[in-house]
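Trainee: I should be grateful for a close look at a single part of this structure, followed by its setting in the rest of the chain. Please proceed step by step, and give the numbers wherever they are available.

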Amino acid sequence: MAKKLETIELFIDESQDKDGIDALSLVKFPAIEENWVALNNHRIEFKSVDDEKRIIIGLALVPDKLIYRKNGDYEYNIKFSKETVNKAARLYLKKLNNNNATLEHKTEVDGVSVVESWTVENPKIDKTALYDLNATEGSWAVIMSIDNDKVWQEIKNGTYLGISVEGYFSDEQKLSAQAKEDELIEKIKQLLKDE
């Protein structure tokens, strides 16, 4: 019998300057388990490559999708709400991070840019449906322009199949621990004040 894993919901705390998406990474195995579609000259040819346009479309985040994680022996899932996905997409552009990209979360790379970004409002009539991405309401979709020759060749060769986010998030466990710590500090202050 498989054990039930704890699920931690991550969110963006805008009072924390570091919270948000810093970069998108091209990866072989995206954690959200969604691959992209390479766009071919405005025709809808899935998984095809266009040497002229060099653009790909994919999902960067999908709300409420359980994403497996393992830290040592601790196994758990993370997920993002629609609100968090929307906030992540908005802050990513607001902070001018659309030219920040990495390969497999390791190597920074030039010549990879997000040129379109949106959250899906109606999956049936959204642009993602044209490319058979099976997006759900609230998913963050991006179109990326690949001007780096080496990276474009690696995409064509299947080295990279999806998009993964890089950034900082808060979670309820940290928030709860901080709240308990703040409460304890207040109690100590009150005790000292009463003396």
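Mentor: Two strands are said to pair if DSSP finds at least two bridges between them. Please keep in mind throughout that this is a predicted model.

The part I have chosen is the hairpin of E5 and E6, in which 2 residues lie between the strands. Strand E5 covers residues 67-71 and is joined to E6 by 5 bridges, the two strands running antiparallel. At the end of E5, Asn-71 stands opposite Tyr-74 in E6. In this hairpin Gly-72 takes a positive phi near 65 degrees.

Tyr-74 also takes part in a ring contact. The structure holds 3 aromatic pairs, and one of them is formed by Tyr-74 and Tyr-76. Their ring centres are 4.7 Å apart and their planes differ by 20 degrees, so the pair counts as stacked, for which the angle must be under 30 degrees. The partners differ in exposure: Tyr-74 has a relative accessible area of 34% and is partly exposed, whereas Tyr-76, at 15%, is buried. The label for Tyr-76 follows because buried means under 20%.

Strand E6, residues 74-80, has a further partner in strand E1, residues 6-11. Here the pairing is parallel and extends over 5 bridges, in contrast to the antiparallel pairing of E5 with E6. Within it, Leu-10 has Phe-80 of E6 as its bridge partner. In general terms, strands of a sheet pair through backbone hydrogen bonds, in either the parallel or the antiparallel sense.

Ahead of E5, the loop between E4 and E5 contains Asp-64. This residue has a positive phi of about 60 degrees although it is not a glycine. Most residues other than glycine have a negative phi. Asp-64 is partly exposed, with a relative accessible area of 44%. Leu-96 is another non-glycine residue with a positive phi of about 60 degrees; Leu-96 is found in the loop between helix H1 (82-94) and strand E7 (101-103). At 65% relative accessibility, Leu-96 counts as exposed.

On the other side of strand E4 (55-61), the loop from strand E3 (37-38) holds Arg-54. Arg-54 is a charged residue that counts as buried, at 17% relative accessibility. Its side chain makes a polar contact of 2.8 Å with the side chain of Asp-149. Leaving aside residues up to four places away in sequence, the residues touched by Arg-54 include Met-144, Ile-146, Asp-149 and Trp-152. Elsewhere, the charged end of Lys-127 sits over the ring of Trp-118, 5.2 Å from the ring centre.

As for the wider setting, an open sheet of 4 strands has the order E8-E7-E2-E11, with mixed pairing. Its edge strands are E8 (107-108) and E11 (162-168), each of which pairs on one side only. E11 runs antiparallel to strand E2 (residues 20-27), with 7 bridges between them, and Val-27 is the bridge partner of Gly-162 in E11.

The chain as a whole comes to 4 helices and 12 strands. It has 195 residues, of which 44% count as buried. Of its contacts with a separation of 6 or more, 72% are between residues 24 or more positions apart. Its accessible surface is about 11800 Å², with 49% belonging to carbon and sulfur atoms.

Note on methods. Residues are numbered from 1 along each chain as its sequence is written. This is a predicted model: local features need pLDDT of at least 70, side-chain atom pairs count only at pLDDT 80 or more; totals for chains, interfaces and linings use all residues. Side-chain values use heavy atoms; hydrogens and water are left out. Rings of Phe, Tyr and Trp (its six-membered ring) pair if their centres lie within 6.5 Å; planes under 30 degrees apart count as stacked, over 60 as edge-to-face and the rest as tilted. Buried means under 20% relative accessible area, exposed over 50%, partly exposed in between (1.4 Å probe, protein chains only). A charge sits over a ring if NZ of Lys or CZ of Arg is within 6 Å of the ring centre and within 35 degrees of the ring normal. A polar contact is a pair of N or O atoms within 3.5 Å; within protein, one must be able to donate a hydrogen and the other to accept it, and residues adjacent in sequence count only if both atoms are side-chain atoms. Contact means heavy atoms within 4.5 Å. Accessible areas come from the Shrake-Rupley method with a 1.4 Å probe; for residues, only the protein chains shown count as cover.
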